[in-house]
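Let's take a walk through this model together. Keep the structure open beside the text and follow along as we go.

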Amino acid sequence: MSAQILRPYNPASWFHPKGIYKVLAKLNPKLPDVEGKLFLTFTFDRLLFANESLAFDHGRDRLRRVFFALRKGVKWEGKKYVIDEPYCVKVEFHADGWPHFHAIFLTRRFLPAGLLSDLWGLGRTNVGRITNDEFTYLLKYVTKSGTLPQWALRRRRLRVFQSSRGFYTSAPEEKPTSTPTGLTRRRSGSLGQRLERWR
């Protein structure tokens, strides 16, 4: 009888050190060229929030409002600015557990830093341009320290990357994975519990 090697389970997950590469393998063929596109960063003034979890929830809601305002157009210093292009948002965590957001709009339009700061109103912002190499690097991690904050581990679900309609390029059709009739896949437990099971 030959010995069998039991390999560790590597789920396709943003939160698993090897599983993230499975996520990126599915994502990469669909990603657009972002070279020179609008790159926005949103951070928090920590004095405004009791904790990181509240900041995260409030920030996600505020981002939706910022993007809605930009789609409709915002007057700033006598000029109207409209950014109605596809975008993606990526969340990251600082080593101390505080989140921040990066957003990439598929446009080369100009957006004043002061306008973005005024729309966000929750802390520091940055307006710049991104390269494809920087985008690839940005997608490789959720936290540079390699560990998720405790407040995030207690959540059942946490969206790390999301995009608007029209952000992805057309990619080869994926065959849907089927489950036996009557069975559904369920995520059980918190992120921390799932990471512990995968370990």
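**A walk from one loop outward**

Start with T43, which sits in the loop between β1 and α2. Bear in mind that this is a predicted model. Is T43 buried or exposed? Its relative accessibility is 9%, and the cut-off for buried is under 20%, so T43 counts as buried. Leaving aside residues up to four places away in sequence, T43 touches H100, W120, L122, G123 and R124. There's a polar contact here too: the T43 side chain reaches the backbone oxygen of R124 at 2.8 Å.

Now step back along the chain into β1, residues 37–42. Here 6 of the 6 residues are buried, so the strand is largely enclosed by the rest of the structure. Which strands does β1 pair with? One is β6 (residues 125–130), which runs antiparallel to β1 and is joined to it by 6 bridges. If you want a spot to click on, find T41, which stands opposite N126 in β6. The other is β5 (residues 99–105), also paired in the antiparallel sense, over 5 bridges. Two pairs mark that match: F42 has F101 as its bridge partner in β5, and L40 has A103.

Stay with β5 for a moment. All 7 of its 7 residues are buried, so β5 is largely enclosed by the rest of the structure. Its side chains split between two directions: P99, F101, A103 and F105 point one way, while H100, H102 and I104 point the other way, and all of them are buried. H100, you may recall, is one of the residues T43 touches.

β5 also pairs with β4, again in the antiparallel sense, over 7 bridges. Within that pairing, K90 stands opposite H102 in β5. β4 and β5 form a hairpin with 5 residues between them, and G97 in the turn takes a positive phi of about 95°.

That turn region is a good place to pick up a salt bridge. The side chains of R46 and D96 meet at 2.2 Å, N to O. This pair links distant parts of the chain: R46 is in the loop between β1 and α2, D96 is in the loop between β4 and β5, and they're 50 residues apart. R46 is partly exposed, with a relative accessible area of 35%, and D96 is partly exposed as well, at 42%. As a general point, side chains of opposite charge can pair when their charged atoms come close.

Carry on past R46 and you come to helix α2, residues 52–72. It has 21 residues and reaches 30 Å from its first C-alpha to its last, close to the 30 Å expected at 1.5 Å a residue. At its N-terminal end, N51 acts as the cap, with a side-chain oxygen 3.1 Å from the backbone nitrogen of S53. Just after the helix, G73 takes a positive phi of about 105°.

Along α2, the buried residues are S53, A55, F56, G59, L63, V66, F67, A69 and L70. The helix also has partly exposed residues, including D61 at 27% relative accessibility and R64 with a relative accessible area of 49%. D61 and R64 form a salt bridge, the closest N and O atoms being 3.8 Å apart. They lie 3 residues apart in the helix, about one turn.

A search of the whole structure finds 5 salt bridges. Another one to look at is E85 with R109, at 3.4 Å, N to O. It links distant parts of the chain: E85 is in the loop between β3 (79–81) and β4, and R109 is in the loop between β5 and α3, 24 residues away.

Finally, look inside. In soluble globular proteins, nonpolar side chains tend to be buried together. Here the largest nonpolar core has 54 residues, of which W14, F42, F67, F101, L111 and F135 touch the most other members. At least two core residues come from each of α1 (19–27), β1, α2, β4 (87–93), β5, α3 (113–120), α4 (132–139) and α5 (150–153). α2 gives the most, with 7 residues. For a feel of the packing, click on L111: setting aside residues up to four places away in sequence, it touches L38, L40, L70, Y81, I83, L116 and V127.

Conventions:
Residues numbered from 1 in each chain as written. Predicted model: local features only at pLDDT ≥ 70, side-chain atom pairs only at ≥ 80, totals over all residues. Heavy atoms only, no water. Helix = DSSP H or I, 4+ residues; strand = E, 2+ residues; numbered from the N terminus. Expected span 1.5 Å × (residues − 1). Buried < 20%, exposed > 50% of the residue type's maximum accessible area, 1.4 Å probe, protein only. Polar contact = N/O pair within 3.5 Å; in protein donor to acceptor, adjacent residues only side chain to side chain. Pairing = 2+ DSSP bridges. Contact = heavy atoms within 4.5 Å. Core = buried A, V, L, I, M, F, W, Y, C linked by side-chain atoms within 4.5 Å. Salt bridge = Lys/Arg side-chain N within 4 Å of Asp/Glu carboxyl O.
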